[in-house]
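Dear colleague,

I am passing on the structure we spoke about, and my notes on it follow below. Please read them with the coordinates open beside you.

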Amino acid sequence: MFKKLLLATAATALLAGAASAADLPRRAAPPVFVPVPVFTWTGAYFGINAGYGFDASSNSNRYNLPASSVLNSYGTSGVLVLNNSDNHEGFVGGGQVGYNYQFTPGSGVVVGIEADAQYTDFGNKSRTVTGTFTPNGGPAQNQAVRIAGNEMNFFGTVRGRLGYAFDRVLFYGTGGFAYGDGATGGDDFRTGYTAGGGIEYAMPTDSFFNFFKSSAVTLKVEGLYVNLDQENGRGARSVYNPRTDVLSLSSTARETEFAVVRAGLNYKFGSY
């Protein structure tokens with residue numbers, strides 16, 4: 001009788017324990033680990049830019065006039081220096097395409113190549129300015145000078161890029177080939193070089209600006225120095241009008257130097 005009572009008690013306890021265990025919450029399954037991709041600048045991109053350009057020349061107001069090209073009251077060659085003759089300043093805007101390669105994702109060295117084409121609002125119309133003409137063997141004299149419009153309609157570059165990325169921030173230097181139209185009349189195609197640098201930041205993929213569903217949208221601020229060769233090797237020529245006392249400067253032979261500061265927006269495709 002006592003054994004039956006013990007067996008019944010044990011069975012009741014087991015049943016109660018099983019019921020209590022059934023009421024306990026089940027252990028949740030361990031979460032699945034999904035690694036976050038490390039950002040890399042590797043990939044192709046295209047974009048737009050806009051900014052401001054300004055004259056960076058140091059000697060573009062000085063002209064050596066040979067005797068064969070100048071008629072004045074002295075009838076000889078000399079040096080002409082103009083005041084306030086340059087106006088390589090104004091809006092610049094255009095587009096760019098390029099490709100970057102980052103050696104180590106996250107932080108590391110980035111190399112790339114970029115080509116861009118720019119519209120420029122540089123230049124001015126023909127105008128009369130004050131100058132100083134110093135003939136050989138004679139004293140300097142003030143001279144009114146009529147100069148042709150100094151216009152530039154476009155320029156572009158093909159550049160290499162070398163930088164270092166700190167995750168989504170890239171610091172870089174850049175330099176290479178530059179081209180543009182003529183500064184006098186805008187009719188001549190000229191070539192030269194460019195150099196500069198900038199900083200670029202990659203926004204998250206779900207950025208508001210990501211209209212093209214690219215792998216990243218980047219914003220950059222960049223500065224460039226551009227130097228274009230002189231126009232076809234032509235020398236400065238002028239004609240003096242004694243009736244009006246105005247020296248007309250018909251063409252110039254000088255390099256065009258200007259600097260550009262611009263902001264850009266790029267859409268990157270390829271690696272994350």
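Of the contacts in the protein with a separation of 6 or more, 72% are between residues 24 or more positions apart. Please bear in mind throughout that this is a predicted model, and that what I report has been computed from it. The secondary structure comes to 14 strands and one helix, and of the 272 residues of the protein, 42% count as buried. The protein exposes about 14,600 Å², of which carbon and sulfur atoms supply 64%.

The charged side chains are what I would like to go through with you in more detail. Side chains of opposite charge can pair when their charged atoms come close. In this structure there are nine salt bridges, and three of them are described here.

In one of them, R159 pairs with E222, with 3.7 Å between the closest N and O atoms, which falls within the 4 Å that the definition of a salt bridge allows. Because R159 belongs to strand β8 (residues 152-166) and E222 to strand β11 (residues 216-228), this pair ties together parts that are 63 residues apart in sequence. Both R159 and E222 are buried.

Strand β8 also contributes R161, and this residue links to E200 in strand β10 (residues 189-203), 39 residues apart, so that distant parts of the chain are linked. The closest N and O atoms of the R161 and E200 salt bridge are 3.3 Å apart, and both of these residues are buried.

E222 has a further partner in R262, and the side chains of R262 and E222 meet in a salt bridge at 2.8 Å, N to O. Here R262 lies in strand β14 (residues 256-269) and E222 in strand β11, 40 residues apart, and this pair too links distant parts of the chain. How accessible are the two partners, R262 and E222? R262 has a relative accessibility of 3% and therefore counts as buried, while E222, with a relative accessible area of 1%, is buried as well; the cut-off behind both statements is that buried means under 20% relative accessible area.

Taken together, salt bridges that share partners join E114, D116, R159, R161, E200, K220, E222 and R262 into one network. When you go through the model, you may wish to start from E222, since the salt bridges with R159 and R262 can both be followed from there.

With best regards

Terms used. Residues numbered from 1 in each chain as written. Predicted model: local features only at pLDDT ≥ 70, side-chain atom pairs only at ≥ 80, totals over all residues. Heavy atoms only, no water. Helix = DSSP H or I, 4+ residues; strand = E, 2+ residues; numbered from the N terminus. Buried < 20%, exposed > 50% of the residue type's maximum accessible area, 1.4 Å probe, protein only. Contact = heavy atoms within 4.5 Å. Areas by Shrake-Rupley, 256 points an atom, 1.4 Å probe, with all protein chains shown as cover.
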